[in-house]
Amino acid sequence: MRKASFLLYLFGIGFFFSIYSCETRKKQITNEAKTKANTGKPTNQNRPNILMIVIDDLGYSDVSPFGGEIRTPNIQRLADNGLLVQHCYTTPLCAPSRAMFMSGMDNHISGIGTMSPYQAVSQYMQPGYEGYLNDRVMTLPEVLRENGYHTYMSGKWHLGFEKGRRPFEEGFERSFSFLGGGVSHFSNIFALGPDEEIHTVYYDDSVQVKKLPDNFYSSDYYADRMIRYITEQKDDKPFFGYLAFTAPHDPLHVPDKWLDKHKGAYDKGYDHIRQVRMDNMKKLGLIAKDLPLNPGSGLYKKWNELSAQEQKVEARRMELYAAMIEILDLNIGRVLETLQKAGKLDNTLVILIGDNGANPKDPSFYGKDMTPFDNSLQNMGKRNSFVSLQGAWAEVTATPYSYFKTTTGEGGVRVPFIISGPGVTLKGTDATNKILGTDIMPTLLEITGITRPNTYKNHKLAAMTGTSFNQMLGNKGTVVRNQNAGFGIESLENKAYLKGDWKIRFLMPPFGEGRRWQLFNVKEDPREQRDLAAQNPDKLHEMLSGWIAYTQAVGYISFLGGRALKALGPENFFKAKLDSTNRALLGKAALEVVQGGD
Ligand SMILES: [Ca+2]
């Protein structure tokens, strides 16, 4: 009884806190995006084109400018001609990271407080947790389109499938979009799992696509579409192209001719590739010369503990993953070549970013019936297979950082970032600034001299929380965030707060205990190997204060009461309404939790 009262109290606090923080404290957000004086306000005549390339579930050191052994000459060319930012942070999951890119604001404000349909009973349809970009948001393409840009999208959306929330309704003039989080890379459209079916849908502008061309392969097709949109443009207006690849997200799929392109490249196993990447990164000056190899999480078997057959399967995973990355690099090259031939490349700002680290989960995580798939060694990577990279390789792809997608370890939330084109006069590597996915929109608006209004379609907009890094692109020594400007990251209760050289981290099982904060000096210990929480309680407390202020500012709501989808059932859940039926069902679920039920 006492336990029940305590849980009820906690649950009540959660609800009260969420309502209070959303309605009142959000007003206290200081908008760090106060733009500095720009050098000469651009006009419609000289505004650059913008091509934003998003790579899905890419490890930090996969591509060559970041130390990767995978052939990526086109991404290398972008880095050679532009600025590589070493410390770029997102969230550890696809949808919330993309919400940052499209809104310029923290994902707990914009409606992707968590990835739908993973909302808890406490979060369901609360402000900031709608599961789509809510009415506080004016999307980046909406703002650009209102200011004379053509806006094109090709690839993954993952920010709402509901009427009014799809790409063609969110600012994209032309789009070929996949609405969900992941899907077969071929024409045989299959959902990752039962919860994913509702948004496993393609749209060609506003028309739902029921059948894909037989030779469809995601990266090729998405690049084709972007090329078509660029080449079919008749006027000289600038364009914004959002090219959101679904590779190398699982399933690991490649066209037949690519199946053996990397054969044998990974036969020496995990630590060999770790070492290759560390050596490359040291040569590139991306990490300290004396930084030791990351020992890994210890959660997976070492290479020499695997049987010969297991080694073959593991090597195959990485061969396929590398091929997917090489294919998308080639397609990036095709788009850049199109721009060059059209005489537009010199006036195109190109941004390349990952959305989160590589995926450690087995496909069984999605709850899919796997019987239709043939995942034998010989069939891996083909259209009727469904395999993933899994944890052992996922943590290698984060070298030298720790962990991967879903976690707030550096390997989950630190992503490759390259920017090149007009205005990017500082070339090489920025090794000092920490930038965030939310910073992209304020930066682009500053560069283009466009101001986002405070209301749109009769809705009051929330302030953008990102900080423009425009000054960093032209001036050495620019400080985007000072030592006291911290930021938080939260996804499915995995948490982090970073400020200056320090970071606190809270990891959920199976990667953490789900009940303890850790403290790291990420400048001295970028691999997060030495937890200083016990020996530096003052710093831990200071960082926790920062975390609390962050959660209050953005309206974070604790995950309480279990999953709302379970409590409501799919039909009620996807109404996306807090009507009387849903309120009653959520209340019942909360009561069952309090009484010690599931
Ligand atoms: Ca992703």
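Which residues does the UniProt annotation "domain: Sulfatase N-terminal" cover? The unreviewed entry places that annotation on residues 48-450. Here are some notes to help you find your way around; keep in mind that this is a predicted model.

1. **The overall layout.** The chain is split into two domains. Domain 1 is made of the pieces 31-116, 131-478 and 486-492, while domain 2 takes in 562-598. If you want a feel for how they sit, the C-alpha centres of domain 1 and domain 2 are 34 Å apart.

2. **The annotated span.** Back to residues 48-450, the stretch that carries the UniProt record's label. By content, the span is 28% helix and 15% strand. Its end C-alpha atoms lie 12 Å from each other.

3. **Strand β2, a good place to start looking.** Is strand β2 (residues 83-89) enclosed or open? Seven of its seven residues are buried, so the rest of the structure largely encloses β2.

4. **Who β2 pairs with.** With strand β11 (residues 428-436), β2 pairs in the parallel sense, over six bridges; histidine 87 has lysine 434 of β11 as its bridge partner. With strand β10 (residues 417-420), the pairing is antiparallel and uses two bridges, and here leucine 84 is matched with isoleucine 418. Strand β9 (residues 414-415) also pairs with β2 in the antiparallel sense over two bridges, with cysteine 88 standing opposite valine 415.

5. **Strand β4, another covered one.** All five residues of β4 (residues 174-178) are buried, so to speak: the count is five of five, and the strand is mostly covered. Look along β4 and you'll see Arg174, Phe176 and Phe178 pointing one way, with Ser175 and Ser177 pointing the other way. Residues on both sides are buried.

6. **The neighbours of β4.** Strand β3 (residues 150-156) runs parallel to β4 and is joined to it by five bridges; to check this by eye, find methionine 153, whose bridge partner in β4 is serine 175. Strand β5 (residues 202-204) runs antiparallel to β4, with three bridges between them. There, phenylalanine 176 has aspartate 204 of β5 as its bridge partner.

7. **A four-stranded sheet.** Further along the chain, look for an open sheet with the strand order β14-β15-β16-β17 and antiparallel pairing. Its edge strands are β14 (487-491) and β17 (518-521), each of which pairs on one side only. On average, neighbouring strands of this sheet are turned by 15 degrees against each other, direction ignored.

8. **The β14 and β15 pair.** Within that sheet, five bridges hold β14 and strand β15 (residues 494-499) in an antiparallel pairing. Glycine 488 stands opposite tyrosine 497 of β15. In the loop between β14 and β15 sits glutamate 493, which has a positive phi of about 75 degrees although it is not a glycine. Glutamate 493 counts as partly exposed, with 15 C-beta neighbours inside 10 Å.

9. **Another positive phi.** Lysine 457 is worth a glance too: its phi is near 50 degrees, a positive value in a residue other than glycine. Where is lysine 457 placed? You'll find lysine 457 in the loop between β12 (455-456) and β13 (459-460). Lysine 457 is exposed, with 8 other C-beta atoms within 10 Å.

10. **Two cis peptide bonds.** The bond from alanine 247 to proline 248 is cis, with omega near -5 degrees. Proline 248 belongs to the loop between β7 (239-244) and α7 (270-284). Threonine 399 and proline 400 are also joined by a cis peptide bond, and omega is about 5 degrees there. Proline 400 falls in the loop between α9 (391-397) and α10 (410-413).

11. **A helix pair to finish.** How do the axes of helix α13 (residues 564-573) and helix α14 (residues 580-594) cross? They come within 9 Å and cross at roughly 155 degrees. That makes α13 roughly antiparallel to α14. As for handedness, α13 passes α14 in a right-handed crossing.

Conventions. Residues numbered from 1 in each chain as written. Predicted model: local features only at pLDDT ≥ 70, side-chain atom pairs only at ≥ 80, totals over all residues. Domains from an automatic or database assignment. UniProt positions renumbered as here; feature names shortened; annotations may be inferred. Buried ≥ 20, exposed ≤ 12 C-beta atoms within 10 Å, placed from the backbone. Pairing = 2+ DSSP bridges. Axes fitted to C-alpha atoms, helices over the stretch in contact; angles between N-to-C directions. Parallel < 35°, antiparallel > 145°, perpendicular 65-115°, else oblique. Left-handed = near helix turned anticlockwise from the far one by under 90°.
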